[in-house]
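Student: I would like a close look at one part of this structure, namely the salt bridge partners of a single lysine and what lies around them. Please go through it step by step.

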Amino acid sequence: MFSSRKKRRRLQSQLMVFLLLLCFQQTYAQLQEGTGKTNNAKATDTVTIRKKHPVISKDTIVSAYTPRVSALSIFPASSLQQSLKGNYAGLYIQEPSGEPGTVQNMFIRGSALPLLSKRELYDAQPLVVLDGIPMVTEHPYAFDIQQFDFNRIGTATNIFSNIDLDNLASIEILKDVQATALYGPRGINGVILLKTKPSEINKRIEVNSYVGFAQKPSVTTINGQYENAFRQRFYDLYTANGRYSKDETYPAYLSDSLSNSYYGPSNWNDLYYKNGVVYAFNASITAGMKNANFRFSLGNLKNEGVADQTALNRYSSRFEINMRPIKWLDFSVMANANRVERDRNRSLRDRFSQMNYFPDLTSPLSPNADVYGKYLAAYDNSYDNNKTNIIEGFANVGLHFGKINFMSRMSLDYNEGYRDVFLPKPLIQNTSYVSNYYGYSQRAILDNVITYDIAQKNHAIHLQVGQSTQWTTYKYNYSYAYKGVSDFIKLNLLDGETYRPGTFPSELVFRFLDRTNDNLSSFYGNADYVFKNKYSFSTILRLDGSSNAQPTKRWFFSPTVSANWNIKNEFFEKNNTISELGLKIGAGRIGRINSFDSYSQGPQYSAYAGYTGNLTVPGYTGFSVLSRPYSFGWIGYGIPWAYSDQLNIGFTAGLFNNRVKLYADLYTKTEKNLLVGIPDGSEYGYSQSFEPGMSVNNNGIDIVLNAMVLSRPKGTNWNASLSFNINKNKLKALPRGLEQVSISEGTRLLKVGQPIDSYWLFINDGIYTTDAEVPVVNGQPLKFNGNIMKAGDPKWRDVNNDNVINDQDKVFTGHSLPVLSGNFNNTITLGKFDLNINIYYNLGRDLINENMANRFNFINREGQSNINSVKEITFWEKSGDYSLYPLYNPWSPVEAYRLDQTLFLEDASFMKLRTVSLGYDLTKFVGKKAKFTRFYIYGTVNNIFTVTKYSGRDPELADYNGYDNGYGLPIPRTYSFGIKAEL
C-alpha cells in the first residue's frame, strides 16, 4: 500500500513538472511576441539588482582556481556538502553516514575549538550565505533533554539538502580574514558563498535531468556458528574445560546450536541492502524586458539509500524578479522554497535513544531472512513521517545617485520540521510508542548600505558604511508517550483537538517545549583604495552587539586591514611569459558569538529537578521546581567575547597566458577567550564551572596548482588542478593558567601545547602470555588502577615508570582531523567529448575502530539493557581484520578491550577515486532539428574505489570525534546518465 502511494506521488510530481515546463514554453513564446526581442539582445540591457560594488580592481585580486558549478551539478548528490567535498582547498567535509539527508560536518582550515560535543561541533561550522542571506541551521540546544547525542530530536535533516546546484552560478569559499570579516561574527569559521543564476533579458529555458542507481555493497554474512566459534577461543584459553565457572550468562541465542533463527542460513542482507534509485529534474525559465526580468525554476530530486530502506525526496522552486521603473531606482524580490522528505533508518540504536527506553536486549535480531522478514513486517503498522520545509527570500530596494548608492534589504531564512513517529507493540515487547515534534529555526535580517565610489586616472576609492540587524529564533514542541490502548490509535500529542486523554496513561506522556533567541546588531565601515592598478589597501571596522553576550560585555569592536600588490603590473607589465603575479596580506580580529543564551545570564535557576538520572524527567513527582543547574555547570559574571586573531599571506603566479597558475596562502588563526567547562564547584553541588581563557591556534597553508597541460583548439585539451591543505592545531592556553584539564568524565584531556584533535590513549605493546612476564618492582607487580596485571592482560606501557598503569601513562597520539587533504581534478576534452576525473584524499588522519572494539569486548557488552548492548542486523556482517588483535582475557577487571588504547587506533588516510564523468555535446546535431542552443548528454560513476590501510569499512564513516562505531550506513557507488539542454 505504501509503495503504491509513493509511486502515485512520484508520477504526480513528474506530471506537475511536465505541465509547468509546457507553461514555461508558452510564457517564453508570449514574451518573444510581446517584446520583439531576440536571443541576441545585449546583456547590458539586463536589469541587475544584485550588484557587486567594485572593492578593488580585478587585476589586483589574488584568487585560487575553483571548479565550475556546472561540472559539480552533474554529481548525484543529496546535499551541498557532498557536492563540495574534495573540490576546494582548505575545506574538509565529514560524511559519517551514507544515509541520504543526514547531517554532514564542514571545517574550513581546521576546527577552531575542541570537538567535545554537538555544541562545539555547531560552533565550529562555517557560515553558508545564499544570495546574501546568512542561512540558519538547527541549534543543538535540543540535546539538553537527550541522553545521547547521536541525532537531534526532530527531523535531524541536513538543512543544506535544499540547495539545488542547478540554480547556482558560482560557489566561493571565503577563508581569509579580509573576506570573512564582511560577514562579522557569524563568518568567523569561514564562509561558503553561494550565488544563484541571475535573471536577465535573454529568454532562455534550461533543463537538467539525470537518472541512475546506487549500487548495494557486497558483504560477507555470518551466523551464530561463526560468532560462537569466535567467542569459544576465549573460553578455551581462559576458562577451565572451555567454560568460565562463574559465568552463568552465556547468551541463550548462542547456546542452542539447533536454533534455525541464529544457526541457520544468514541471508538477511538482501532484505537490508538494495540498489537505490537516484533521480533529479530541474527546469528554469528566464526572460524579461528592458526594465524588468525574472527567473523561475522548479526541481525534484529523489535519492534512495542502499541500506535500511532510507531515501530523500526534495521538491524545490525558486522565483526572482528584478525591476527598474526609473533610472535611479531598482527593486528585486526572491523566494526559494523547498520541501524535503526523508525516510529514516530503522536502526535500533537511533530508535532506543529517541525513545529513552530499552527493552530486553538479550536476543539480537535474527540473521535468518524468514525471521528477519517477519520483524520488518511489524513495521507495516508503524510510521515515521519526517518532513522539512525551507524558504529563503529577500526584498531589495536600491537607489543610485551618481557615485552614491544606497541599498536596503529585508531577508528571511526559515525552516520548520515535523516528525511524527508511531511504533506498534510487537516492536517493543507489547509497549507501543508515539512521539510528535514540531520545531523551527528562523532568521530575519535587515541590511542598509551606503557606498561612495571615486575613480580617477591613477586612483580608485570605494567607501561603504553599513548597518545590519539579525533576529534569530529557535523553537520546538516535543511530546512522546508509551503504552497506548491500541495499535490502531496513533495520536498527535501536540494537537489538543486530536489528543484524547486516556488513550495513553497520563503518567507516561511527556511534553517538552523550548525557545531561544540569538540577535545580532552590527555597524561597519569599509574603505578600499587602489593606486595605479598596482597597489590596493582595504580596511573594515565593525562594531557588533550580541544578545547572547553578558550585559557588561555586550559589544565587540573588530578591525581588519589588508593590502594587495600586483607585481606583474609593477615589474613585468610587458613580459609575455608572466601573465599574473601578485601578493596579498591580511590581518584582523573577528568576534565569536556565544551560541547559547544561558551564558549571557550569569548565575541562574532552572525549572528542573530530575531524580532518576534520566534527563527527560522534568521534575519531582510530576512538578517542576526551580533549582540551580547543577548538572550543567556554574556560569559566572564578566564573561567577555571570544575572538579570533588571524593573519594570512597569499601569493599568485600565472605563466604562459595563465596556462600554469599557482596559488598559495599561508595562514595562522588564534582563538582566544574561548569558554570551557573546568571541573569545579563540587562543594556547592556543581560538576564544572564555565570560564573563559582557552586559546587554540590553527596554522597551515593552502596550495592550488592549475595547469592547461594540453591546449589545442581543434585537438585534445587537458586541464589539471592539484590542491592541498596542510593544517596543524595546538592548544595555547587554558583558564586560570592551567596546564591541563580532564573533561568528558575523564575520557578527554586538554593539555597546553598539544593538538586539540589528538587522542589520549594508553600505548599497547602486546600481551602478557604468562604471569612471569608482568614487571615486578620492589616485590610489587605492575598494577592497573589497583588491579594486578596477569597473563592475558594487555602490555600497556608504563610511561612514567612508577609501576602503576593509570591516566598518567596516557599519551597524545594521532589526529581525528586530517593533517593534509586535497584533490586532483582533471578535465580532458577531445572534439565534442569531455572527460572529468576527480581524486580526493586525506592524509595524517586516524580513527578509533570502535566497531571492532565492541566486537571483542563482548563480555562487558552482552545482555545489558543499555545503549552499549544494542546489536543491529549488521552485527551479522563480517567486517575488519580479526587477526590484528591479540586474544586478551575478556573477564579481566582491567577491561582489556577498552577503547582508550592504541590497539584500536588506525591510520585512516585514504585516496578515493570519487568521480569519473564522460559527456558529449550534441548541440550541433540536435540544433538542426530543434531550437536548442545547447544539448549535452553525460554519464557519471561516483565513489569508485578507495585506497587505504584502514582495516574497517570506509575510512570516511566516522563520527566528528574520530570514532568508527559501525552504525554509519555505507556511502554507495552510484551510476547516472543525464542531459542538459537549453532553449
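Tutor: What follows starts with that lysine and then turns to other side-chain contacts. Keep in mind that the model is predicted.

A search of the whole structure finds 44 salt bridges. The lysine to look at is Lys810, which forms a salt bridge with Asp807, the closest N and O atoms being 3.6 Å apart. Asp807 has a relative accessible area of 35% and is partly exposed. Lys810 is buried, at 9%.

Lys810 also forms a salt bridge with Asp900, and here the closest N and O atoms are 2.8 Å apart. Asp900 lies in the loop between β42 (877–878) and β43 (905–907), while Lys810 lies in the loop between β37 (804–805) and β38 (811–813), so this pair ties together parts that are 90 residues apart in sequence. Asp900 is buried too, with a relative accessible area of 14%; the cut-off for buried is under 20%.

Two aromatic residues, Tyr897 and Phe904, are both buried. Elsewhere, Lys878 lies over the face of Tyr882, at 4.4 Å from the ring centre.

For comparison, take another salt bridge. Asp645 and Lys672 form one in which the closest N and O atoms are 3.4 Å apart. Asp645 lies in strand β24 (residues 642–655) and Lys672 in strand β25 (residues 660–679), so the pair ties together parts that are 27 residues apart in sequence. Asp645 is buried, with a relative accessible area of 19%, and Lys672 counts as partly exposed at 29%.

Aromatic rings form contacts as well. The count comes to 68 aromatic pairs. In one of them, the rings of Tyr418 and Tyr438 have their centres 5.2 Å apart and their planes at 45°, so the pair is tilted. Tyr418 belongs to strand β14 (residues 404–423) and Tyr438 to strand β15 (residues 433–455), so this pair links parts that are 20 residues apart in sequence. Tyr418 is partly exposed, at 29% relative accessibility, and Tyr438 is partly exposed as well, at 22%. In another pair, the ring centres of Tyr897 and Phe904 lie 6.4 Å apart with the planes at 50°, so this pair is also tilted.

One more contact involves a charge and a ring: the charged end of Arg409 sits over the ring of Phe394, 4.0 Å from its centre.

Terms used. Residues numbered from 1 in each chain as written. Predicted model: local features only at pLDDT ≥ 70, side-chain atom pairs only at ≥ 80, totals over all residues. Heavy atoms only, no water. Phe/Tyr/Trp six-rings, centres within 6.5 Å; stacked < 30°, edge-to-face > 60°. Helix = DSSP H or I, 4+ residues; strand = E, 2+ residues; numbered from the N terminus. Buried < 20%, exposed > 50% of the residue type's maximum accessible area, 1.4 Å probe, protein only. Lys NZ or Arg CZ within 6 Å of the ring centre and 35° of its normal. Salt bridge = Lys/Arg side-chain N within 4 Å of Asp/Glu carboxyl O.
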